[in-house]
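User: Hello! I am new to protein structures and would like a close look at one part of this model. Could you walk me slowly through chain B, and then tell me how its neighbour meets it?

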Amino acid sequence: MSGLTLELLLLQVVTGVALGSVFVLLAIGLSLIFGMLTIVNFAHGAFYMVGAYMGVFLYGLTGNFWICLILVPLGVGSIGLVVERFLIRPLYGRNIDDPLLLTFGLGYVFIETIRILFGLNGIPFSTPAGLRGAVDIGVGYFPLYRLFLIGATAVLVLGLWLFIEKTKFGLIIRAGARDPEILKVLGIDVSKIWLLVFGIGTGIAGLSGILAAPLQAVTPEMGIPVLAEAFVVTVVGGMGSLIGAVTAGLMVGIVVAMTSLFMPEMAKVSIFLLMALVLLVRPQGLFGRAGLMG
Amino acid sequence: MTSTRISKRRGGISRREVLAAGAGGIALAGFTPSLFSIAKAQTGVIKIGFPVPLTGPFGAEANDQVKAAEIAIKEFNEAGGFQGRLAELLVRDDKLNPGEAATRTLELIEKDKVNYVVGSLSAAVQLSINNVTKERGVIFNSISQSDAINEVKDWSKFTFHEALNPHMTAGAVGRYAFSKFGKKVAYLTADYAYGHEMVRGFESAGKPLGVQTLADIRHPIGASDYSAFLPRIQSLRPDVLCICNFGRDQVNAVKQATEFGLKEKIKIVAPVLLYTARVAGGPEIFEGVVGGTSYYWRLEDTVPTAKAFNDKFRAAHGGAVPSDYGALGYAGVRSVLTAVKNAGTTDTDKVVAAMRALKYDFYKGPQYYRDCDHQSVQSVLVIESKSKDMKDKNDVFSIVGIENPDEKNLRSCADLGHKA
Amino acid sequence: MTMSNAASLIAFGKRHRAALAIGFLLIFPWLMPYEALAVNILVLGLYAVGFNLLFGYTGLLSFGHAAFLGSGAYGCGIALVHFGVPWFGAILVGVLLSVFFAAIMGFLAIRTRGIYFAMVTLALSQCVYYLFYQAVNLTGGENGLRGINLSEIGILGFSVNFLNPTTKYYVILAFVAFALWLFSRLLASPFGAVLEAIRENESRARACGYDVARVKFIAFVISGAFCGLAGALKALHLSIVPIETLHYLTSGQVVMMALLGGMNTFFGPFVGAAAFLLLEDVLTTMTSHWQLVLGAIFVVFVLFFPKGIWGSVLAWMVRK
């Protein structure tokens, strides 16, 4: 293939890492929710989309991207809290598939609501000033915003890791993921924990939405393809594992980037093949715990 | 013997019952009287079925098509209709889904007994509608882009194509861009039929100009992230980058190409620039992008029928201007109704003949349907997106070139499989 | 209605469920605004019933059943369009193709359980989607497979006008009726009893000596066959096979239908398919935001009517 230089390959890898960052953020949210609540959140893509819209809307009001980065996860997380409290909590103790089905229907509701509020077409959103342009990273020019994205993801992952490993709340989450019964024995109100975890998970989804907004068209349907990809990453990494989400997210991002270079038509199906392969060889995912399923 | 009795008790039904039901069913089917006949009404209201994707990503275009089509109907009725018979538009939502479109078309033909069908947006949907209408001998005038519908495999004498096809728009844009901006070309193409048709259109326009294709990079349709393809495009150093996709894909691709800094050294062109996509993407993202279209409202500056149409649309819709696809809704319906008047009857075969003979100028200049494939031969506009000097919020493009109607710009009849 | 009356009515219904269902379907077209919709309900109803063999009766939630609907449709269509196979044979080809994919997918997926089963089936069916998408020469790719045009078909020497919507309905009904009868026999057989045992308690079923994995696999393949038949009939009805047939959203739709109708009943999925399509049809004329209403209704059903429409009706009758 003509023009295939080392620079191009490395640039492609960096592109893959940037792509993977969005996957990582989405997978973390999904993984958290599944790890703690054993719920497959089929509305995760919709929360992502709502986050993007909320971000664009708030940016229009405040003109300050950084404030939006704080407000959006809080806003979307609050929606998540309401959803968990009133729609999902009644389903505990029932069929394990029920929350999956409910969130599936909920996704449609979110998408249509956004269509009603903001129209069918999507709204324009350019990279915020200060993060525009491209920088020379040694192997070529690379968009500044994508570097920011990689950085922001790294910071978030680190923060989350510290939160889970070093704080008391994090300890409760880890215990609850391993054995919810223990929490009840220790007198902790499990339903409150689950409520908060769902809120955090969806809040992160919303954050990934606004972070992704400058990269692609902000449309009501933007969450649909993303959902499938996020599932792939979560499953490959292992449901309920933070390290798994990060590793798988980056892996999938790089796989997509490299496939796009050599066999572009296969780029989309490559991730599903990867998912099928991992599930058949190691059903719990790379870092998941065996037995953490139905 | 015992087994039959046991099966009865277990909730099954015996073989005898099944055979009886089957025979009864066939008898019923065979002797069903013609509760249904494909013959459409020869008196009464002239019904035009209009399946368009009212819900989904192209809802805005579809609603525009409905608005414009209704203007054509109103014009027809206010002029007295045809021998006192008025026209009626039966709008249905096909949800941009070919299966749904087929169901709706069956509904329109079998239940509503429409005389003709106009509509569709998206290649797959129009092919699906066409498949149903041609089997039942109903005229279908398609108002969205596709090369495939003119090909002999899908085409029928009842099939008409009011809209442009990718070959025409890509060709016009190619002829403009390659002579102006350079001969080294790269393509970023959506990997589906429409995408490939666009590339073919560009390449056939480029060949006589000595254009060199550096690469044709395919991406999966519906991709939201094109960053994986852009470094390679950058390394190829083309003069022109043709982004051959549509709608959301196009907005995403252009947005990300801009962000990667491609615009500094490369001219970005697209075969089709949608008015609504440009508005949704915003002026910054599309700045400087050149593309093709069937219609842009500023054509009223030079073409009187455009002004007449725009004024009617503005009057009916509070100053709004029609979009490119919207205008096709107007022309598609008006062609059929005009042909009915010319033929002096609603009989399908005679209306087909009248449409073939039709020479018209409804909103953009002279048009007529080519004999071999009923493709409407019409002008193609080359437009450039602008962000400065915008007279108002609707003024998003400049018309930088107009290619006059010419059969040479279409794919040849032989190419499409039609015998000469 | 007294308790014993209702109970005996329900018992009667259970014994003759296939006959009753078919009887109802015989008069169905006169209840519907137009026949094409009635045929759609027939076909999707069969799709939902086939899916429910796995979901309601075996307790396995698959998110990949679009692969079987689609391969059945494409198999039938390709046989007819590209190889000139007569319509009856084309339907058979469709069913065989879907059985083929079901066997592969089933073999791979049965090893997983619970949520992972849903995920694997989703991923594998997406692979099937891309496979058919890329085989443009056979399938038409994005544009779908067109040209499945049957205007006249031969049945036992008689020539029948297939373009006539009522005729088309009854021909398709013949197949659906046969399938429903077969399905009923299957459920009533010892095999059916094992399926329900597995759903109730898999470990206990294994302890009783049943080869659970093998039974699940067979159920998967049979389910695929029913859905494949539905797909083949759909192809004949619409004269096209759109590529969307294979997309995971189509898999999601059948899950909704089964749930809406009632996954623990024989006829429930049919009711669910009818409700789903009618709702869409009616809602579309009322508002362009029908997806909001549909999604909300679905959420309400999951929360308050897990038995589905038909299941709730039956339960209410018994309670009275």
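Here is a walk through chain B, followed by its contacts with chain C.

Analyst: Happy to help! This is a predicted model, in which local features need a pLDDT of at least 70 and side-chain atom pairs count only at pLDDT 80 or more, while totals for chains, interfaces and linings use all residues. Residues are numbered from 1 along each chain as its sequence is written, and chains are lettered from A and ligands numbered from 1 in the order in which they are written.

Let us begin with confidence. The pLDDT is the predictor's confidence in each residue, from 0 to 100. Chain B averages 86, and 90% of its residues score at least 70. Among the elements of chain B, strand 4 (residues 139–142) has the highest mean pLDDT, 96, and helix 1 (residues 2–9) the lowest, 37. Over residues 1–38 of chain B the pLDDT is below 50, and this stretch has 46 contacts in the model beyond near neighbours in sequence. Here, two residues are in contact if their C-beta atoms, placed from the backbone, lie within 7 Å.

Now for the overall build. Chain B has 14 helices and 15 strands; these are DSSP runs numbered from the N terminus, with helices (H or I) of at least four residues and strands (E) of at least two. Of its 420 residues, 57% count as buried. A residue is buried if 20 or more other C-beta atoms lie within 10 Å of its own, exposed if 12 or fewer, and partly exposed in between, with C-beta atoms placed from the backbone. Among contacts in chain B with a separation of 6 or more, 68% link residues 24 or more positions apart.

The domain assignment of chain B gives domain 1 (46–164 + 299–378) and domain 2 (167–293); such bounds come from an automatic or database domain assignment. Taken over C-alpha atoms, the centres of these two domains of chain B are 29 Å apart. Where they meet, 11 residues of domain 1 of chain B are in contact with 13 residues of domain 2 of chain B. The domain 1 side of chain B that touches domain 2 divides into six nonpolar, two polar and three charged residues. For these classes, Ala, Val, Leu, Ile, Met, Phe, Trp, Tyr, Cys and Pro count as nonpolar, Asp, Glu, Lys and Arg as charged, and the others, Gly among them, as polar.

Next, look for the sheet. Chain B has an open sheet of seven strands in the order 7-6-8-9-10-14-15, with mixed pairing; two strands pair if DSSP finds at least two bridges between them. Strand 7 (212–219) and strand 15 (397–403) of chain B are the edge strands, each pairing on one side only. From one strand to the next, the twist averages 25°. Strand 6 (residues 184–190) of chain B runs parallel to strand 7 of chain B, and seven bridges join them. Val185(B), for instance, stands opposite Thr213(B) in strand 7 of chain B.

Two helices can be placed against these strands. Helix 7 (residues 193–206) of chain B lies across strand 6, strand 7 and strand 8 (240–244) of chain B, running at about 165° to strand 6. Helix 9 (residues 247–259) of chain B packs on the sheet, touching strand 6, strand 8 and strand 9 (267–270) of chain B, and its direction makes about 150° with that of strand 8. Axes are lines fitted to C-alpha atoms, for helices over the stretch in contact, and angles run from 0 to 180 degrees between N-to-C directions.

Two loop residues deserve a pause. Most residues other than glycine have a negative phi. Lys95(B), however, has a positive phi near 55°. Lys95(B) lies in the loop between strand 2 (87–93) and helix 4 (98–111) of chain B, and counts as buried because 25 other C-beta atoms are within 10 Å. His374(B) also has a positive phi, of about 55°. The loop between strand 12 (367–369) and strand 13 (376–377) of chain B holds His374(B), which is buried, with 24 C-beta neighbours inside 10 Å.

Finally, the neighbour. In all, 46 residues of chain C are in contact with 41 residues of chain B. Helix 8 of chain C gives the largest share of the chain C side, 12 residues. By class, the side of chain C that touches chain B has 21 nonpolar, 17 polar and eight charged residues.
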